[in-house]
Structures are given as C-alpha cells and as structure tokens.
Amino acid sequence: MTKAVIAIVGRPNVGKSSLFNALAGERISIVHDSPGVTRDRITTEAEWFGRSFTLIDTGGLEVRSSDPLLRQMERQVKFAVESADLILFLCDAVDGLTAQDREIADLLRRSGRPVVLAVNKCDNPSREAHTWEFFELGLGQPYGIAAIHRLGLGELVSALLELLPEESESAAEEERIRVAIIGKPNVGKSSLINRLLNKERSIVSDIAGTTRDALDVNLDNEWGLYCFIDTAGLRKRARVEGSVEKYSIIRTEEAIERSDVCLILLDAEAGITEQDTKVAGRAHEAGKASIFVLNKWDLVDKTTDSFSKKEKEIQERFAFMRYAPVISISALSGQRVPALFELINRVYAAGHKRLSTGVVNEVLAESLALHRPPSDKGRALKIFYVTQVSAAPPTLVFFINDKDLLHFSYERYLENRFREAFGFEGNPLRMIWRPRTASDYIRVGEKEE
C-alpha cells in the first residue's frame with residue numbers, strides 16, 4: 001500500500017514533537033521545552049483505527065525571520081508541506097491566537113493541501129475555552145487536545161482519517177539497504193545527504209551540532225533502493241552539554257543499531273582524531289558493515305600517492321577495522337559520490353553471504369594443513385569443524401576441544417584465511433569458539449581422544 005503522509009506544522013514550542021510522539025505511540029522526536037529543538041523533518045509510520053500513514057514532524061516555523069538557520073528551517077517546513085497529503089496545523093491554547101499563527105495559516109492555505117487545525121495544551125476547561133478564537137483562522141473546527149497527556153487524540157485522528165486519500169495498491173517494495181551516515185560533528189554528514197538527493201533535504205550549517213535527530217530518507221536510483229539515515233555528530237561525552245545533546249547521542253546509537261551499512265565520515269583536511277576512532281568503534285561493536293568516507297578531499301593538497309598514504313594511515317589508526325574499504329569524496333562538489341552506491345551494495349552483499357558447512361570446512365581443513373594449531377604442555381588445540389550460524393555480521397562457530405589452547409595469533413590467522421577465501425569486505429567477522437559436547441562429536445562421528 002502507498003501510505004498517505006501527514007505533516008505536523010506550527011510555531012516553535014507549541015508541542016509538535018509531543019503530538020508526533022503521541023500519535024506514533026513511541027518517543028521518536030526529541031521533546032524539550034526549549035524552542036527550536038526540532039530542526040529537520042522527522043518521519044515515522046503510525047497506525048490508528050486500522051489505518052496506517054506516514055507522519056512528519058517539522059521544526060518550528062517562524063515566517064519572515066532574518067536568522068539564517070531559521071530561514072533554512074522555514075524551507076524545510078515548506079518541503080514537508082509539499083510532500084504531504086494532509087497538514088496538521090498545531091497552535092497553543094496558552095499563548096492564544098498569534099500573528100505568527102495567522103501568517104502560517106495563510107501559507108498553508110496557499111499550499112492547496114487540506115488542513116486540520118488542533119490547539120494544544122487544553123488540559124483544563126478554561127484553556128479549552130480558548131479554542132474557539134482559532135475559528136478566526138478560517139481553517140474549520142479547531143480540535144482541543146493535550147498531547148503530553150494524550151487527551152482528545154481520538155477525535156483529532158478521526159478528523160485526519162476522514163480527509164486522507166484512499167490507500168492505493170502498489171507493487172511490493174523490495175527491502176531497502178539502510179545506510180547510517182555517522183561521524184563527529186561538522187564533517188559534512190548533512191551535506192552528503194543533500195548531495196545524494198540532489199536537493200536540500202537536511203539543514204546544512206557550519207555550526208557544529210546543527211543536526212540533532214536521526215533522519216530517515218528513502219532514495220531510489222539505478223543502483224537500488226536505499227534508506228539513508230542522517231545522524232547528529234557524536235561528540236566526546238565530556239563535551240556533551242544539556243539533555244538535548246544526550247538524547248541526540250542515544251538517537252545516533254539507535255541509528256547505528258538499525259542500519260545495515262555505516263558510512264563513517266572523516267574530515268580529510270583536518271585529519272583523524274581520537275573521536276573518529278570512537279565513532280568507528282561503535283559501528284564495529286554493533287557488527288555493522290562499514291565504509292570509511294574521506295570527505296572534503298577537494299580541499300587536500302594532493303600528490304600522486306596522497307590517497308594511498310591516507311588509506312595506510314586509516315588502516316593503522318583503525319587497526320581493528322582493516323576490513324573496511326576507504327573512499328575519498330567531496331560532498332560539496334559531488335566528486336566520487338556516485339561511487340558510494342556500488343561500494344554500499346558490495347559490502348551489504350558481502351555481509352549477507354551464506355556459506356554451506358561443507359564449503360567452510362574445506363577452507364578450515366586447508367588452513368589446518370598449512371599451519372598446525374598451537375599446543376601447550378603436550379596438548380594441541382583441535383578444531384573439529386566449523387559452521388556459519390548467521391549473517392550480517394557473518395558469524396562462524398568453531399567446535400574445539402579446549403578454549404584455553406586457543407591463541408590470539410592463531411585466531412587472527414584463521415580470520416585472514418576465511419577472509420581470503422570468502423571476502424566479507426567491509427564486514428566484521430565474528431568467530432565463536434565452542435568446546436565440543438558429547439552430542440557434537442556423536443554427530444560428527446568421531447571419538448574423543
């Protein structure tokens with residue numbers, strides 16, 4: 001089904017994110033009593049009364065503001081309005097009807113989209129009485145609600161569903177590759193999203209920390225179907241100021257968890273920092289396919305071997321992620337950005353590779369013949385067989401006689417052998433060592449020595 005889209009629009013601090021979370025049934029947007037916390041468009045799927053729809057939360061709209069960031073936020077809201085089937089215009093019973101509300105109402109009328117008007121913070125009869133003044137906007141009946149307490153939502157949703165277009169049948173959508181764009185603040189994550197989409201989808205600013213929520217955006221092109229997740233920059237925890245930034249870190253970590261591939265953005269001009277290694281470490285620990293993306297490559301003074309030197313430096317600084325490929329790009333100019341799609345497809349496919357037990361045991365047998373397992377005090381490590389138990393990340397379980405006989409260097413040797421045989425480009429390889437039980441060796445048909 002093609003889902004209808006509802007965009008929540010209104011002045012700053014009227015409770016749009018609280019309403020968004022209440023309608024979605026979970027805490028997705030950051031809710032804070034500071035105006036302007038939501039800056040970009042946040043989307044989620046919601047379902048009420050058996051009908052599902054896409055919900056968009058937007059930043060607070062301040063019409064005709066001279067502030068550059070607020071002007072960008074205004075453009076984002078207009079993009080949301082253009083992409084929506086229905087507008088949910090939210091006002092505030094405490095503030096009453098304001099001049100900004102009137103200007104927003106004019107903007108929404110010009111959009112040609114149907115509008116449902118809601119007045120938030122009606123958590124007592126005196127405030128609910130203020131809803132009648134909003135008839136003056138000429139947008140029909142105002143629905144009094146209290147989003148934070150979930151009061152009046154049933155009647156509001158019923159009004160929304162009456163105006164939604166009918167669901168249309170569409171071909172079953174193939175699974176999208178979910179790609180999280182991660183990195184420390186101000187390395188160009190939002191610029192890359194905008195370049196990938198060829199339009200201004202995320203707010204771009206040279207002020208570190210402009211993006212605070214994780215944003216999902218679908219992209220279909222000749223390389224495939226993708227869902228890109230733009231995330232807030234991950235700072236050192238000691239430098240995280242205030243609860244809003246703490247929420248942003250949590251959202252970024254959640255974005256990594258639900259991604260298939262992580263693009264780890266590095267600033268090619270500024271060089272690699274300790275914070276970069278911590279960001280990459282989170283993707284590695286989560287078992288995600290990863291690609292190192294050297295952004296701002298157009299600003300680097302280059303020689304014939306500039307890239308190979310930088311690639312070697314990355315392999316040394318990120319020794320725990322030597323499996324991750326490196327690519328240099330410029331999000332600003334678009335240099336080599338299209339090559340990202342082929343690389344994303346490659347590491348995604350490598351991580352989802354499934355190998356038969358027979359094939360992996362052939363590689364194991366060859367490896368054991370080339371380099372015998374270590375021994376200790378006359379006892380040798382025995383590896384009876386190996387099997388792949390899961391993908392994404394590829395996970396192999398080795399059945400052995402004694403874990404105490406396993407040496408780190410031999411584990412690394414086997415990892416290199418399996419990578420040579422099967423690739424697993426861009427993916428961590430999980431290797432689990434399990435002492436064999438009686439039932440295991442009965443199945444293999446051997447006797448324990």
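**Strands, helices and their packing in a predicted model**

Strand E1 (residues 4-10) is joined to strand E4 by five bridges, and the two strands run parallel. The model described here is predicted. Within this pairing, alanine 7 has isoleucine 87 of E4 as its bridge partner. E4 also pairs with strand E5 (residues 115-120), again in the parallel sense, over six bridges. Here leucine 88 stands opposite valine 116 of E5. Strands of a sheet pair through backbone hydrogen bonds, in either a parallel or an antiparallel sense.

E4 spans residues 86-92, and seven of its seven residues are buried. The strand is therefore largely enclosed by the rest of the structure. Both of its faces are covered. On one side the buried residues are Leu86, Leu88, Leu90 and Asp92. On the other side they are Ile87, Phe89 and Cys91. Leucine 88, the residue opposite valine 116, thus belongs to the face that also holds Asp92. Isoleucine 87, the partner of alanine 7, lies on the side with Phe89 and Cys91.

The link from E4 to E5 involves helix H3 (residues 99-111). Together, E4, H3 and E5 make a right-handed β-α-β unit.

Glutamate 82 belongs to helix H2 (residues 68-83). Its relative accessible area is 53%, so the residue counts as exposed, the cut-off being over 50%. Glutamate 82 and arginine 113 are separated by 31 residues in sequence. In space, their C-alpha atoms are 8.3 Å apart.

Burial also marks helix H6 (residues 189-197). Seven of its nine residues are buried, so this helix is largely enclosed by the rest of the structure. The buried residues are Lys189, Ser190, Leu192, Ile193, Asn194, Leu196 and Leu197. Asparagine 198 follows just after H6 and takes a positive phi of about 60 degrees.

A further sheet is open and has three strands, in the order E15-E16-E17. Its pairing is mixed. Strands E15 (383-390) and E17 (430-435) are the edge strands, each pairing on one side only. From one strand to the next, the twist averages 25 degrees. E15 and strand E16 (residues 395-400) run antiparallel and are joined by six bridges. One pair of bridge partners is serine 390 and threonine 395, the latter in E16.

Helix H11 (residues 357-370) lies across E15 and E16. Relative to E15, the helix runs at about 140 degrees. H11 also packs against helix H12 (residues 408-422), at an angle of about 130 degrees. The axes of the two helices are 10 Å apart. H11 and H12 are therefore oblique to each other. Their crossing is right-handed. H11 contributes Val359, Val360, Val363, Leu364, Glu366, Ser367, Leu368 and Leu370 to the contact. From H12 come Tyr410, Tyr413, Leu414, Arg417, Phe418, Ala421 and Phe422.

Across the protein chain, the secondary structure comes to 13 helices and 17 strands. The chain has 449 residues, and 52% of them are buried. Contacts between residues at least 6 apart in sequence were also examined. Of these, 71% join residues at least 24 apart.

Methods. Residues numbered from 1 in each chain as written. Predicted model: local features only at pLDDT ≥ 70, side-chain atom pairs only at ≥ 80, totals over all residues. Heavy atoms only, no water. Buried < 20%, exposed > 50% of the residue type's maximum accessible area, 1.4 Å probe, protein only. Helix = DSSP H or I, 4+ residues; strand = E, 2+ residues; numbered from the N terminus. Pairing = 2+ DSSP bridges. Axes fitted to C-alpha atoms, helices over the stretch in contact; angles between N-to-C directions. Contact = heavy atoms within 4.5 Å. Right-handed = clockwise from strand over helix to strand, strands pointing away. Parallel < 35°, antiparallel > 145°, perpendicular 65-115°, else oblique. Left-handed = near helix turned anticlockwise from the far one by under 90°.
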